[in-house]
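Got a few labels you'd like to see justified? Let's take them one at a time and check each against its cut-off.

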Amino acid sequence: MTVMAIPEDIERVALLGWHVYPASSTSRAGCFSGASAAASCDLDVIAEWSERFPRCNWRVVFGPSGLWGIDLDVPPHHPDGLGAFKAIVAEQGGLPPRPVMQSGSGGMAVFFRWSGEPIIGKTGHPAPGIDPRRGRLSQTIPPSTHVDLGLPYRWLVPPWEVSPPDAPAWLLTLMAPPPEPLARPAPVLVGEGRKRKYATGALRHAIERVATAPSGQANDTLNREAWAMTRFMEDGTLTEAEVRESLLAAARVRAIPIREAMATIDSGLRARRT
């Protein structure tokens with residue numbers, strides 16, 4: 001099968017590992033049922049889609065592509081998300097070089113490498129017109145045209161010239177989901193209820209100590225509490241997921257950068273095992 005039918009921009013992003021699928025040029029629906037779930041970077045598959053849907057739009061699915069992004073709206077049809085985001089970036093000290101796309105409506109989209117960081121999936125966060133995209137969410141990309149205006153999407157900074165970077169810590173903190181309450185207790189065997197109650201109480205105290213750690217001691221406190229919680233993981237009264245998620249939520253309250261917090265928790269959990 002030839003790949004000559006593939007639009008050049010789509011072939012280039014597929015070679016980068018971006019998972020794309022064909023979408024309608026008059027709506028955001030896929031060209032066939034289950035198109036988003038079938039998104040692929042396989043050139044033979046994409047060539048077949050290109051021949052079947054020669055005038056389609058194209059969308060990239062973030063999670064399978066190892067990406068997350070931010071879609072930024074502009075007036076007059078939407079709130080000025082682009083202006084709000086520029087103000088946030090200026091206040092925080094800037095962003096690394098990154099792929100930037102302009103939509104057919106004049107809005108922008110920026111792309112970052114995703115390494116498992118928790119990203120909120122809430123439209124209009126942290127301000128109207130700023131839409132974080134991650135996981136199974138998707139984004140229209142060039143050479144598509146706007147479904148209402150018919151104007152083209154185009155790359156201002158193509159991803160084959162500037163690779164999606166790691167997002168800075170301040171942006172990951174801004175885009176992290178809000179802390180969740182401690183997970184509900186898992187079912188336990190008869191006679192283990194008191195043991196489970198003691199473990200969840202200890203975890204709540206650990207969360208409080210991390211969230212209120214004095215300046216300069218936050219990471220040490222997080223590492224120490226992660227180490228302390230491993231004893232409950234070893235006897236089965238707490239799961240590793242409960243410990244990780246709860247301590248990460250506390251770290252976000254304490255404003256510890258996400259990557260730093262994840263590494264500190266990993267270090268504490270490994271320490272007892274070695």
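Q: What makes Glu225 buried or exposed here?

A: This is a predicted model, and in it Glu225 has a relative accessible area of 5%. Buried means under 20%, so Glu225 counts as buried.

Q: Why is the contact between Glu225 and Arg209 called a salt bridge?

A: The closest N and O atoms of Glu225 and Arg209 are 2.8 Å apart. The cut-off is 4 Å between a side-chain nitrogen of Lys or Arg and a carboxyl oxygen of Asp or Glu, so the pair qualifies. Glu225 sits in helix 6 (residues 218–234) and Arg209 in helix 5 (residues 193–211), 16 residues apart, and the pair links distant parts of the chain.

Q: Is Arg209 buried, exposed or partly exposed, and what makes it so?

A: Arg209 comes out at 42% relative accessibility. Buried stops under 20% and exposed starts over 50%, so Arg209 goes down as partly exposed.

Q: How do you know that Arg259 and Glu117 form a salt bridge?

A: Their closest N and O atoms are 2.6 Å apart, and the limit is 4 Å. Arg259 belongs to helix 8 (residues 258–273), while Glu117 is in the loop between strand 5 (108–113) and strand 6 (130–133), so this salt bridge ties together parts that are 142 residues apart in sequence.

Q: What makes Glu117 buried or exposed, and how does Arg259 count?

A: Glu117 has a relative accessible area of 4%, and with the buried cut-off at under 20%, Glu117 is buried. Arg259 has 31% relative accessibility. That value falls between the 20% and 50% limits, so Arg259 is partly exposed.

Q: What separates Glu240 and Arg244, and why is their pairing a salt bridge?

A: Glu240 and Arg244 are four residues apart in helix 7 (residues 240–253), which means about one helical turn separates them. Their closest N and O atoms are 2.8 Å apart, so the pair passes the 4 Å test. Glu240 is partly exposed at 31% relative accessibility, and Arg244 is partly exposed at 29%. Elsewhere, salt bridges with shared partners join Arg113, Glu117, Asp166 and Arg259 into one network. The search of the whole structure finds nine salt bridges.

Q: What makes up the largest nonpolar core?

A: It has 27 residues, and those with the most contacts inside it are Val20, Ile46, Trp58, Phe111 and Ile141. Helix 1 (8–15), strand 1 (19–23), helix 2 (43–52), strand 2 (57–61) and strand 5 each supply at least two residues. Helix 2 gives the most, with four. Leaving out residues up to four places away in sequence, Val20 touches several residues, including Ile10, Ile46, Trp49, Trp58 and Ile141. There's also a second, separate core of 23 residues, which includes Trp68, Ile70, Phe85 and Leu95.

Q: How do you know that Cys31 is in no disulfide?

A: The search of the whole structure finds zero disulfides. For Cys31, the nearest cysteine sulfur is that of Cys56, 4.8 Å away. A disulfide needs two sulfur atoms within 2.5 Å, so Cys31 is in none. For Cys41, the nearest cysteine sulfur is again that of Cys56, 17 Å away, and Cys41 is in no disulfide either.

Q: How do Cys31 and Cys41 count for accessibility?

A: Cys31 has 26% relative accessibility and Cys41 has 29%. Both values lie between the 20% and 50% limits, so both cysteines are partly exposed.

Methods
Residues numbered from 1 in each chain as written. Predicted model: local features only at pLDDT ≥ 70, side-chain atom pairs only at ≥ 80, totals over all residues. Heavy atoms only, no water. Buried < 20%, exposed > 50% of the residue type's maximum accessible area, 1.4 Å probe, protein only. Core = buried A, V, L, I, M, F, W, Y, C linked by side-chain atoms within 4.5 Å. Contact = heavy atoms within 4.5 Å.
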